[in-house]
Amino acid sequence: MLLEYRKMIENELNQRFKFIIKGTQQALEARQYSEEEMTRKLNGDPTLADKIIPKDFNVGCRRPTPGNGFLEALVAKNTTCFTGPINRITPTGFVDHEGNEHEVDVIICATGFDTSWAPRFPFICQGRDLRDIWTPGNVTSYLSVGVPEFPNHFSFCGPYGPLAHGSFFPLIEQWNAYINKVICKMQVENIKSLRPKQAAAEQFRQHADTFLQRTAWTGPCRSWFKNGTIDGQVMIYPGSRLHFMELLESPRYEDYDIRYWHENKFAFLGNGFTTREQDGRDITYYLGSLDDDGVDRQPDYDEGLVGILRG
């Protein structure tokens, strides 16, 4: 029952990408539904509806949130709404856009947060600081997991990741699986460093920037997708969550510059034996497991069968 409920939620979330594409029937229906719901929750207040319901961008330009009770609170009897800018803050409250002073107990500033992707600390590779490379409007990543020309560095949801729709937990699992696959390859094949090629990262960004023009995310809204600007760089994955997870299923090692500890890249082949042949694991694993618990270990073969084998 729990798995079915989880799948039901994910099933609904995975369909939302369709209304992000401009001009689709799903985008039209999402806008119509949102306008009707917002108008209803605002009790049809024409002033608030005019100020709050977007007119020039699609649903998804800003990240949609449930916001349970928010719109209803704006029209509550104990609420006074000001849709104009605050003139100034005073020791006891604030002065509104019409010059009227209001006393309040608390002022909460919802200023948002920094989504520029610039590190909060020096992040230096070969004398280059990532803070100087990732400047506003010029951020390039490799599939959201790597920084071009920065070796042995991987991140969970860097720039151009699927940030804008759906649950984050399945994505974290996919990033983790991808990074583990790369680490295993490096350990097994005696790889010294592995870095995304600049050309591969730039081509991925070129494709993303072109594709994103088709989406609501590039609409004329001020959103955290664009670091609080109206026309800033949109650094979101150019596709659905499922599209992204399939892309990360198998690392594209052709997009990496790989360097080995040994001058011969095949030195990792060693003495010609695998560790499986020494550590007690099943050396016929490729035929399936005989262990009732599915444990990977060398079987204790039936004596009768052993006798037949010996002739």
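1. Let's start with the strand pair late in the chain. Strand 6 and strand 7 (residues 256-260) run antiparallel, with five bridges joining them. If you want a place to check the register, take Pro-196: the partner across the bridge in strand 7 is Tyr-256. Keep in mind throughout that this is a predicted model.

2. How many of the six residues of strand 6 are buried? Five of them are, so strand 6 (residues 191-196) is largely enclosed by the rest of the structure.

3. Then there is the three-stranded sheet. This one is open, has the strand order 1-2-3, and pairs in the antiparallel sense. Strand 1 (88-90) and strand 3 (101-103) are the edges, each pairing on one side only. From one strand to the next, the twist averages 25°.

4. Within that sheet, three bridges hold the antiparallel pairing of strand 2 (residues 93-95) with strand 3. Phe-94 has His-102 of strand 3 as its bridge partner.

5. Now the aromatics. The structure holds 13 aromatic pairs. One of them is Phe-17 with Trp-217: the ring centres are 6.1 Å apart and the planes meet at 45°, so call this pair tilted. The cut-offs matter here: under 30 degrees would be stacked and over 60 edge-to-face, and 45° falls in neither range.

6. Why is the Phe-17 and Trp-217 pair worth a look in terms of sequence? Phe-17 sits in the loop between helix 1 (2-13) and helix 2 (25-41), while Trp-217 belongs to the loop between helix 7 (198-211) and helix 8 (241-247), so the contact ties together parts that are 200 residues apart in sequence.

7. Are these two rings' residues buried or exposed? Phe-17 has 12% relative accessibility, which is under the 20% cut-off, so this residue counts as buried. Trp-217 is buried as well, with a relative accessible area of 0%.

8. There is also an aromatic cluster to pull up in your viewer. Ring pairs link Tyr-160, Phe-168, Trp-175, Phe-204, Tyr-237 and Phe-244.

9. Last, two charge-over-ring contacts, which may interest you if you care about how a force field treats them. Lys-185 places its charged end over the ring of Tyr-253, at 4.6 Å from the ring centre. Arg-276 lies over the face of Tyr-285, and here the distance to the ring centre is 4.0 Å.

Definitions and conventions. Residues are numbered from 1 along each chain as its sequence is written. This is a predicted model: local features need pLDDT of at least 70, side-chain atom pairs count only at pLDDT 80 or more; totals for chains, interfaces and linings use all residues. Side-chain values use heavy atoms; hydrogens and water are left out. Buried means under 20% relative accessible area, exposed over 50%, partly exposed in between (1.4 Å probe, protein chains only). Helices (H or I, at least four residues) and strands (E, at least two) are DSSP runs, numbered from the N terminus. Two strands pair if DSSP finds at least two bridges between them. Axes are lines fitted to C-alpha atoms, for helices over the stretch in contact, and angles run from 0 to 180 degrees between N-to-C directions. Rings of Phe, Tyr and Trp (its six-membered ring) pair if their centres lie within 6.5 Å; planes under 30 degrees apart count as stacked, over 60 as edge-to-face and the rest as tilted. A charge sits over a ring if NZ of Lys or CZ of Arg is within 6 Å of the ring centre and within 35 degrees of the ring normal.
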